[in-house]
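Reader: I would like a close look at one part of this model, the sheet and the helices packed on it. Please take it piece by piece, and then place it beside whatever else in the model deserves a careful look.

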Amino acid sequence: MEFNISSEEQYRSYYQKSIQDPATFWADIATNFKWKQKWDEVLDYDFSIPKITWFKNAKLNITENCLDRHLEQNGDKIAIIWEPNNPNEDSIKLSYKELHTKVCQFANVLKNNGAKKGDRICLYMPMVPELAIAVLACARIGAVHSVVFAGFSSKALASRIDDAKCNILLTADGAFRGTKTIDLITIANAALEMSSSIETTIVLQRIKSDIKLKKQQKWWHNEIRNVAITAEPEIMDAEDLLFILYTSGSTGKPKGMVHTSAGYMVNTAFTFQNVFQYNKGDIYWCTADIGWITGHSYIIYGPLLQGATTVMFEGIPTFPDGGRFWEVVAKHKVNLFYTAPTAIRALEKFPIEMVNKHDLSSLKVLGTVGEPINEEAWHWYDTHIGKGNCPIVDTWWQTETGAMMISSLAGITPQKPTFATLPMIGIQPVLMDDNGNEITKNPAEGRLAIKFPWPSMARTIYGNHKRYKDTYFSTYKNKYFTGDGALRDANGFYRITGRVDDVVIVSGHNLGTAPIENAINELSEIVESAVVGFPHNIKGNALYAYVILHDGINGNDSIRADINKLISKHIGPIAKCDKIQFVKGLPKTRSGKIMRRILRKIASKEMDNLGDISTLLNPDVVQSIIKGCL
Ligand code: WTA
């Protein structure tokens with residue numbers, strides 16, 4: 001069976017096959033990879049436990065598929081093009097051969113530092129080639145990588161190190177971000193004070209600071225000196241852990257989503273190939289950070305599995321100016337471009353000359369991910385970036401799903417502005433009504449669930465299988481619950497409408513409101529707080545905090561600043577609140593639960609549409625909040 005889908009008819013026939021006989025279908029797709037040993041059974045699952053096994057007892061190493069497999073025919077082909085934050089610094093190109101060498105070399109560094117199969121290794125790094133190299137080096141030796149986005153605070157980093165009990169930390173002396181430098185090593189050192197499992201830290205010199213390393217900290221450049229440049233890949237079981245990646249939950253601490261080797265490999269490669277309609281020779285650029293799932297699946301694994309050239313960008317869309325993305329597209333002749341709606345909305349505000357002065361004629365396919373795209377941004381992207389000539393794939397998926405779940409295939413299946421459209425091969429989405437029943441008619445609106453396993457789904461939450469079950473498999477029997485709402489049009493096209501739980505997506509980043517409230521509540525002046533999302537014309541959503549102060553304390557901007565400082569300390573600057581309103585009380589149910597629905601409506605200025613508030617414990621408080629908000 002062809003790995004590439006090249007017509008709508010073929011999409012439909014693959015889809016049917018993948019639903020009617022998933023085991024045969026995926027076994028067929030999986031023959032495109034290199035296995036040390038084939039599987040005994042393609043799929044074994046039970047959502048009620050939940051337990052999911054794909055390619056049972058198969059043996060492989062994903063890096064052999066990302067690297068070694070391409071060496072013979074494509075060793076000199078460019079694997080990674082790295083574009084620095086500062087356009088005056090040289091970009092770096094690594095061929096598959098060079099990347100293979102560097103990965104093997106760093107795999108040996110990790111081993112020399114005591115790392116072995118199954119160890120957890122934390123990466124807190126800038127977007128430099130060494131990050132991709134280190135990720136792959138972990139996978140090469142069977143260590144589990146846990147990449148923490150370099151915008152998180154020391155506390156957030158410490159809690160992730162502790163949760164996964166990582167024994168090695170890979171970090172850098174700093175990171176460049178636009179005109180700023182971020183002092184990663186100081187943040188990492190503060191995290192190390194708060195956590196206990198790290199034995200060794202390896203520090204990359206990125207900003208060339210003259211810091212002194214502490215005991216058990218080593219410079220990256222010293223560690224790679226005189227180290228062998230070959231390393232046999234560790235043989236991994238299909239279900240051995242490949243990585244942990246933390247994502248926010250609606251309550252409590254972040255969830256360490258666990259992804260395993262074989263299913264993740266097959267699914268990320270297959271979706272990369274077909275959604276973008278990748279052709280040999282295409283230059284592909286995904287602007288995400290490797291600290292998020294999009295970077296894992298579609299900067300590193302998906303493209304490298306397919307032998308593509310993947311661009312890695314260290315900087316930000318607005319430095320040195322709002323034309324940087326387009327300058328980089330022209331510079332590297334990017335063909336396939338994948339970004340977030342929040343970036344499109346930010347760049348659309350700049351004079352159109354910023355776009356038009358760059359030659360974008362290399363572009364063939366555009367993509368978006370991370371949040372719903374609004375009509376205006378979609379059309380701007382289509383007209384000004386795609387020049388009306390590039391299909392746009394709006395890809396819906398999650399950290400938990402590992403790979404794209406609902407999306408059109410570029411130029412193959414129909415697109416519809418603001419709609420992710422049709423399920424990927426093997427994906428069985430369903431809409432659920434308020435009573436927990438499946439809605440079968442079209443058009444319809446409901447909560448989005450998935451009723452059958454797919455190869456790249458997360459297998460558990462690290463160290464907390466019960467939470468995995470409660471979060472994803474307890475809302476609806478025998479179904480995975482996504483936490484998103486969606487509507488489906490008469491043609492069966494899906495449009496994702498947003499989260500239906502207490503997660504807010506700000507600039508494409510998932511933020512749970514509970515940890516933000518916990519941070520705010522640490523301030524001694526504060527009794528209680530509630531955080532909700534509200535629409536924002538660039539970020540998609542921004543955060544709105546309602547805060548109750550102790551008697552006798554008056555709210556002012558200095559308290560507001562303290563609140564945001566605390567949030568930055570506990571989580572990171574991405575979680576700062578745009579609006580902070582001091583209130584006398586919060587609307588609560590009779591059982592004492594905060595009615596966030598009402599707070600969301602007020603924050604969104606939908607005051608006429610509050611619904612029935614008479615059952616509240618304290619209906620009067622609503623009017624006073626509205627007054628204070630106007
Ligand atoms: C949202 C990112 C609308 C959604 C890959 C999901 C989207 C959450 C889209 C996961 C899209 C992602 N349209 N909403 N195309 N893609 N989302 O885990 O709410 O960072 O549940 O994974 O982003 O975010 P995460």
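Author: This is a predicted model. Start with helix H18, residues 596-603, which lies across S29 and S30. The direction of H18 makes an angle of about 55 degrees with S29. Another helix, H19 (residues 620-629), lies across S30 and S31 and runs at about 135 degrees to S31.

The strands under these helices belong to one open sheet of three strands, ordered S29-S30-S31, with mixed pairing. The edges are taken by strand S29 (526-536) and strand S31 (579-583). Each of these two has a single partner strand, so one side of each has no neighbour in the sheet. From one strand to the next, the twist averages 25 degrees.

Within the sheet, S29 pairs with strand S30 (residues 540-549) in the antiparallel sense, and the pairing runs over ten bridges. To find the register on screen, take Val-531: its bridge partner in S30 is Ala-545.

Now the ligand. Around the ligand there are 17 residues, and those that come nearest are Asp-394, Thr-395, Thr-399, Asp-484 and Arg-499. Asp-484 places a polar side-chain atom 2.6 Å from an oxygen atom of the ligand. Thr-395 uses its backbone instead, with an N or O atom 2.8 Å from a nitrogen atom of the ligand. A polar backbone atom of Pro-372 is 3.4 Å from a nitrogen atom of the ligand. The ligand taken alone exposes 530 Å², and the protein buries 96% of that. Helix H10 (293-305), strand S20 (392-395) and strand S26 (494-499) are the elements that each give two or more residues to the shell. By type, the shell residues are seven nonpolar, six polar and four charged.

Some backbone details in loops remain. The peptide bond between Ile-49 and Pro-50 is cis, with omega about -15 degrees. Pro-50 sits in the loop between strand S1 (41-46) and strand S2 (51-56). A cis peptide bond also runs from Phe-319 to Pro-320, where omega is near 0 degrees. The loop that holds Pro-320 lies between strand S17 (309-313) and helix H11 (324-332). Thr-418 is not a glycine, yet its phi is positive, at about 75 degrees. Thr-418 is found in the loop between S20 and strand S21 (429-432); S20 is also one of the elements that contribute to the shell around the ligand.

Methods:
Residues are numbered from 1 along each chain as its sequence is written. This is a predicted model: local features need pLDDT of at least 70, side-chain atom pairs count only at pLDDT 80 or more; totals for chains, interfaces and linings use all residues. Side-chain values use heavy atoms; hydrogens and water are left out. A residue is near a molecule or strand if one of its heavy atoms lies within 4 Å of it. A polar contact is a pair of N or O atoms within 3.5 Å; within protein, one must be able to donate a hydrogen and the other to accept it, and residues adjacent in sequence count only if both atoms are side-chain atoms. Accessible areas come from the Shrake-Rupley method with a 1.4 Å probe; for residues, only the protein chains shown count as cover. Helices (H or I, at least four residues) and strands (E, at least two) are DSSP runs, numbered from the N terminus. Ala, Val, Leu, Ile, Met, Phe, Trp, Tyr, Cys and Pro count as nonpolar, Asp, Glu, Lys and Arg as charged, and the others, Gly among them, as polar. Two strands pair if DSSP finds at least two bridges between them. Axes are lines fitted to C-alpha atoms, for helices over the stretch in contact, and angles run from 0 to 180 degrees between N-to-C directions. Contact means heavy atoms within 4.5 Å.
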